[in-house]
Amino acid sequence: MDSETTSQQPKTSQVETKPKLNPNNRSFKLQAENIDVFYDDFQAIKDISLDIVENSITAFIGPSGCGKSTFLRLFNRMNDNIDGFHMNGKILIDNKNIYDESIKVEELRKKVGMVFQKPNPFPKSIYENVAYGLRIQGVKDEEFIENRVIESLKQATLYSEIEDNLDKQALSLSGGQQQRLCIARALAVKPSVLLMDEPTSALDPISSGKIEDLIHELKKEFTIVIVTHNMQQAARVSDNTAFLYMGNLVEYGDTQKIFTNPEKDRTQNYITGRFG
Amino acid sequence: MAPQHLDSELKLLKDNVLELMFLVKNQLEKGQKALHDFDEELAHEIMANEKRVDSLELTIDRDCENLLALHNPVAVDLRFVMAAFKINSDLERIGDHANSIAKYIADFGRKIDEDTLKTMRLDEMYSTANKMVSNVFNAFITEDTDLARKVFRLDETLNKINREVSGSTAELIEADVSQTHNYLYLFSIVRKLERVGDLTKNIAEELIFYIEAKVLKHKKMKSKNNNGNEESGNSTV
């Protein structure tokens, strides 16, 4: 998937705001075009279009059931196997529609890693958890695997805490360490996009702070999309914020603007806690 | 989140700022009367009330700190807390000026003659400053930014009087050097009222920032808004 440099303004359907989403005219990594998502007759996403620039952090916020996790999971086709799921529109990554028949989901997920709400390490050693993705890709070169495991653990800021215990059971780590291990596991296969679905909601404030620092650091190399219920987290970590409500994209723009002077009353009411 | 709880905290903050604004407004109005009538008792009352001003300032500081730390306000709520914090500081300084003027009146020791009062335009300055504070007080209650904007023109009036009285004072001193000390006392009051105008203008700017999310400070007056009041400003972001 080749990236093309584009200089157009990002588009957002249903919203009138002009986000400063792309101040340096970087290319768009992710693009959603007129997305409708249905679960049988229920429409979970209603004609959403939005562009996400590369090496940025985008937060999806909104009340439970607004469609933000559904929308996030579209970017690595995690909804495909849900009963009754069907969709209209295009999701482009590096300008290529990932729902095109020619796209192999396994290949897509090498490029698009995902971190979930609860840390989900495999019942294996720390080392094998991180090596897992490479092994199922058929990589045999142990030296290569070891280098990648260490590199990924370092990127996930976990290595210094466990470097002498790589053979230790992953499940013996603390919750915060397990989540960073899951991030290391996602990084080991060298994705360019990281999707995070409430990655700190099960963690204490110290562990959450470490994950937030990590997210900020990873932005240099990855395009990150994060779903969060924590308003302050969205405000702290993201460059841009999208507010979804009942399947609609209400407002999408610069996080600083959204949290200081949002365009829409509905956004203001939600972020100030007056509805939702 | 607990929006009802947040709303009650924000209301308490607004009530406290309004109480301080009302107190400071009264301090200034009493100052005008004390100066005009040479009412030493009233001057001492102003000085005694200064403690209430200081105490309310500390209460509002604490309210703002608690709101920021415990409620993490955003958007309009954040702008309100930021505005309240700055308005609080401006009001305390206006209170300081009212107190200093009351001290001058007490120290002056005698009634100022009508001609000198007229030449120094102290009544005119006081009336203008009082009107400005009254405008921001009502603007804060009703969240009326048009009313807040009216103080910009009044501040210009105060600045103009200040410049003109500077020349008049020099002439008075030249005419009677023996009264230099007294004229300088009175000119200090002029300067303080001019500063009250500046601080009240700041309050109007903070109200507009809170209500309309527009930053007006450090902007030269350029354009006229719909009501004919001059202003120039940018959106916050």
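Helices here are DSSP runs of H or I, at least four residues in length, numbered from the N terminus. The model in all these close-ups is a predicted one.

**View 1. B:Thr169, tucked into helix 6 of chain B.** This threonine sits in the helix that spans residues 145-175 of chain B. Buried or exposed, what is B:Thr169? With a relative accessibility of just 3%, B:Thr169 falls under the 20% cut-off and so counts as buried. Its side chain reaches back to the backbone oxygen of B:Val165, at 2.6 Å. Leaving aside residues up to four places away in sequence, B:Thr169 touches B:Met120, B:Tyr183 and B:Phe187.

**View 2. Where chain A meets chain B.** Here 14 residues of chain A are in contact with 15 residues of chain B. The area buried between the two chains is about 1200 Å², and carbon and sulfur atoms give 56% of that. Two salt bridges run between chain A and chain B. One pairs A:Arg274 with B:Asp7, whose closest N and O atoms are 2.5 Å apart. There are also five residue pairs in polar contact between these chains, with both residues at pLDDT 80 or more.

**View 3. The side of chain A that touches chain B.** Which helices of chain A each supply at least two residues to this side? They are helix 8 (231-237), helix 9 (255-260) and helix 10 (265-271). Helix 9 gives the largest share, with four residues. Sorted by type, the residues on this side of chain A come out as five nonpolar, seven polar and two charged.

**View 4. Chain A as a whole, for orientation.** Chain A has 10 helices and 10 strands. Its radius of gyration is 19 Å, close to the 19 Å from the globule rule for 276 residues, so chain A is as compact as a globular protein of that length. Along the principal axes, the C-alpha atoms of chain A fill a box of roughly 55 × 45 × 40 Å. Buried residues account for 57% of the 276 in the chain. Of the contacts in chain A between residues at least 6 apart in sequence, 68% join residues at least 24 apart.

**View 5. A salt bridge in chain A: A:Glu142 with A:Arg135.** The two side chains meet at 2.8 Å, N to O. A:Glu142 is partly exposed, with a relative accessible area of 42%. A:Arg135 also counts as partly exposed, at 29% relative accessibility.

**View 6. One turn along helix 1 of chain B.** The side chains of B:Lys11 and B:Asp15 meet in a salt bridge, 3.0 Å from N to O. Why are B:Lys11 and B:Asp15 separated by about one helical turn? Because they are four residues apart in helix 1 (residues 3-37) of chain B. B:Lys11 is exposed, at a relative accessible area of 52%, while B:Asp15 is partly exposed, at 35%.

**View 7. A salt bridge across distant parts of chain B.** B:Glu143 and B:Lys14 meet through their side chains at 3.3 Å, N to O. B:Glu143 lies in the loop between helix 5 (122-142) and helix 6 of chain B, B:Lys14 lies in helix 1, and the two are 129 residues apart. B:Glu143 is partly exposed at 35% relative accessibility, whereas B:Lys14 is buried, with a relative accessible area of 16%. Elsewhere, salt bridges that share partners join B:Arg121, B:Glu124, B:Lys160 and B:Glu164 into one network. Over all chains, the count of salt bridges comes to 27.

Definitions and conventions
Residues numbered from 1 in each chain as written. Chains lettered and ligands numbered in written order. Predicted model: local features only at pLDDT ≥ 70, side-chain atom pairs only at ≥ 80, totals over all residues. Heavy atoms only, no water. Contact = heavy atoms within 4.5 Å. Buried area = accessible area lost by both parts, 1.4 Å probe. Salt bridge = Lys/Arg side-chain N within 4 Å of Asp/Glu carboxyl O. Polar contact = N/O pair within 3.5 Å; in protein donor to acceptor, adjacent residues only side chain to side chain. Nonpolar A, V, L, I, M, F, W, Y, C, P; charged D, E, K, R; others polar. Rg over C-alpha atoms; globule rule 2.2 N^0.38 Å. Buried < 20%, exposed > 50% of the residue type's maximum accessible area, 1.4 Å probe, protein only.
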